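Me: I'd like a close look at a single part of this model, and I'd be glad of a walk through it at an easy pace. Here is the structure I have open.

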Amino acid sequence: MSAAPGRGHAVRWEAVRFAYDGVEALRGVSLDVPAGTTLAILGPNGAGKTTLTRLLIGLLRPRAGRVSVGDWDVAAKRPDELAARVGYVFQHADQQLFERTVRRDVAFGPQRLGLGDGGVERALGELGLLGGAESHPYDLPAPARKLVALAGVLAMEPGVLVLDEPTAGLDRAGRDRVIAALRRRSVDGVTVVVVSHDLAFVAEVAERIVVLREGVVVADAPAGRLLGDAAALAPLGLEPPPAAAVGAALGLPGAPIRVEDCAAALGGVRWRGTGA
Amino acid sequence: MIGYVPGASALHRAHPYTPLAIATGLLLMAFAVSAPGAVWVVVAAAALFAASAGVLGTVLRPAAILALPTWVLLTILHGLLGGAPHVMLGPVAFSVPGGERALVFGGRLAAILLAFLTALATVSPARLVEAMTARGVPFGRVYLLVSTLTVVPRLRARVRQIVDAQQCRGLRLGGSPLARLRALGPLVVPLVLSALAEVDEQALALDVRGGTARGRRTALEPPEDSRADRAVRLAVLVAVVAAYAWKFLGAGG
């Protein structure tokens, strides 16, 4: 636990190869993500996105190559040790809840890491869970349970935050809260890695986008440039997010990809959405 | 333990009832014979059954894990408490008939495990559903059977997900016995709670999709029940009847 909570770490995959039962999922992937960057990993199902992120928390070990988080070689650490630096929110994270109340469950990770309660209250507040903090997690609907699981990881104040499909199944309010929480982490200097098929969400949070296909990086570009370029997205099997499509159709200046940037470019339209 | 292992062997391609019939036949044969040598011939037949499907390596480990503690217990109990004659194993008087009984019971257990784990590994639950539906078996019974067959692999996958998630929240699985005991709560509670939530959802989903509707259901792609399949099942039946006739006529081992 050498890092102060919340301080970002650089993340690096170097010539990483990984195979499931002889079938190659990653074929020599190299990526260097500076500390404090918000990276989105896109690609079709089976492209290797989740495999790439699982290598980061030590749940999988590369067949070749090296994965590092800051000055730590992931190969030398167990997942519970890496938890001090990397927070991982699983796609079906709501299945991990086990405590009698939401607050106790969110506090599980911070307690394991010897952290205080500050992060717990902050995470509960950010995700709108303070009102139900004394409820049993399984008394909440599935989308709220997903937010509880996310709060449990945010409360650990990791320097690197990895989220696998964080908006799947969330309503508009929940999605906006996740966006706002991630933007705040970005301001705090946390490195964020998001795996998602939700390009509108990616446009709201990501600075850089990597596209994987069949275990190979086929695109690596700033989010503003890639998501605003329909011609570049088409061969990758992607379409621009709605705000970028509207901006392009209307010829708005600055090629906005976020909803509020699009609204601001339109002028006179008051945006009432997520705020960082 | 294990679930269906995709493959292209004759047993994989056979009508789903055929591997189940062979496994049942091996079980009955194991109880039809009573001499240790004969029982272990049935064990060899069960191993051959698994090898013919290319799953012997897959089923051996779970079979050994399940059988080994019982074998040890049977050997100790029957060997020490069995009647005369005895052989001396160092300071211990070991009963010869007790040892033979342990061999028979242990062999039966091995044959049953090998046979039914092989059936589990070679019968696709989806094809079994189609086969049972085509025969007019009520959906409730089909669902009960298939849920039972698939519950272990599904729970294993769920356990893996939960273990991964809790480790990422800083849970350490190793350490002292007390630490391991403490780690059980974060693993077992979500497993049970999420399984209960899933059962509730599945029951509702089945209801709204006509799972409890009366009347005969349509089998979309019933597996072919070839003459070879029927011949194999008949051969199993004849062999079992013959073995029991032999046993009850007093000529069996």
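What distance separates the centres of domain 1 of chain A and domain 2 of chain A, taken over C-alpha atoms? Please start there and then take me through chain A piece by piece.

Reply: Happy to. Please keep in mind that this is a predicted model. Taken over C-alpha atoms, the centres of domain 1 and domain 2 of chain A are 22 Å apart. The assignment builds domain 1 of chain A from two stretches, 1-85 and 158-223, and gives 94-155 to domain 2. Where the two domains of chain A touch, domain 1 supplies 13 residues and domain 2 supplies 11. The domain 1 side of that contact counts 9 nonpolar, 2 polar and 2 charged residues.

Let's go first to the sheet of 4 strands. This open sheet of chain A is ordered β2-β1-β4-β5, and its pairing is antiparallel. Its edge strands are β2 (23-33) and β5 (72-73) of chain A, each of which pairs on one side only. You can follow the sheet from one edge to the other. Between β1(A) and β2(A) there are 8 bridges in the antiparallel sense, and A:Y20 has A:V23 in β2(A) as its bridge partner. These two strands form a hairpin with 2 residues between them, and there A:D21 adopts a positive phi near 45 degrees. Next, β1(A) is joined to β4(A) by 5 bridges, again antiparallel; A:W13 is a handy place to look, as it stands opposite A:V67 in β4(A). The pairing of β4 (residues 64-69) with β5(A) is antiparallel too, over 2 bridges, and here A:S68 faces A:D73 of β5(A). If you are wondering what holds such neighbours side by side, strands of a sheet pair through backbone hydrogen bonds, either parallel or antiparallel.

A helix belongs in this picture as well. Helix α1 of chain A, residues 49-56, lies across β1 (11-20), β2 and β4 of chain A. Its direction is at about 120 degrees to that of β1(A).

Now for the other sheet of chain A. This one is open too, with 6 strands in the order β6-β7-β8-β3-β9-β10 and mixed pairing. At its edges stand β6 (86-89) and β10 (216-222) of chain A; each has a single partner strand, so one side of each is left without a neighbour in the sheet. On average, and ignoring direction, neighbouring strands of this sheet are turned by 15 degrees against each other. For a closer view, try the β6 edge: β6(A) and β7 (residues 160-164) of chain A run parallel and are joined by 4 bridges. There A:V89 stands opposite A:L163 in β7(A). If you continue into the loop between β7 and α6 (172-187) of chain A, you come to A:E165. A:E165 is not a glycine, yet its phi is positive, at about 50 degrees.

Next comes a helix pair. In chain A, α3 (residues 102-112) packs against α5 (residues 142-154) at an angle of about 40 degrees, and their axes are 7 Å apart. That angle is why α3(A) counts as oblique to α5(A). The crossing of α3(A) past α5(A) is right-handed. From α3(A), the residues that meet α5(A) are A:V102, A:D105, A:V106, A:F108 and A:G109. Their counterparts in α5(A) are A:V148, A:A151, A:G152 and A:V153. Sorted by class, this helix contact has 6 nonpolar, 2 polar and 1 charged residues.

Finally, a look across to the partner chain. The contact between the chains takes 19 residues from chain A and 18 from chain B. On the chain B side, the elements that give two or more residues are α7 (139-168) and α8 (177-208) of chain B. That side of chain B has 9 nonpolar, 6 polar and 3 charged residues. Chain B is itself divided into domain 1 (10-125 + 223-248) and domain 2 (137-208), with 31 Å between their centres over C-alpha atoms. One more spot in chain B deserves a glance: the peptide bond joining B:A84 and B:P85 is cis, with omega about 0 degrees. You will find B:P85 in the loop between α4 (56-81) and β1 (86-89) of chain B.

Conventions:
Residues numbered from 1 in each chain as written. Chains lettered and ligands numbered in written order. Predicted model: local features only at pLDDT ≥ 70, side-chain atom pairs only at ≥ 80, totals over all residues. Axes fitted to C-alpha atoms, helices over the stretch in contact; angles between N-to-C directions. Parallel < 35°, antiparallel > 145°, perpendicular 65-115°, else oblique. Left-handed = near helix turned anticlockwise from the far one by under 90°. Contact = placed C-beta atoms within 7 Å. Nonpolar A, V, L, I, M, F, W, Y, C, P; charged D, E, K, R; others polar. Pairing = 2+ DSSP bridges. Domains from an automatic or database assignment.
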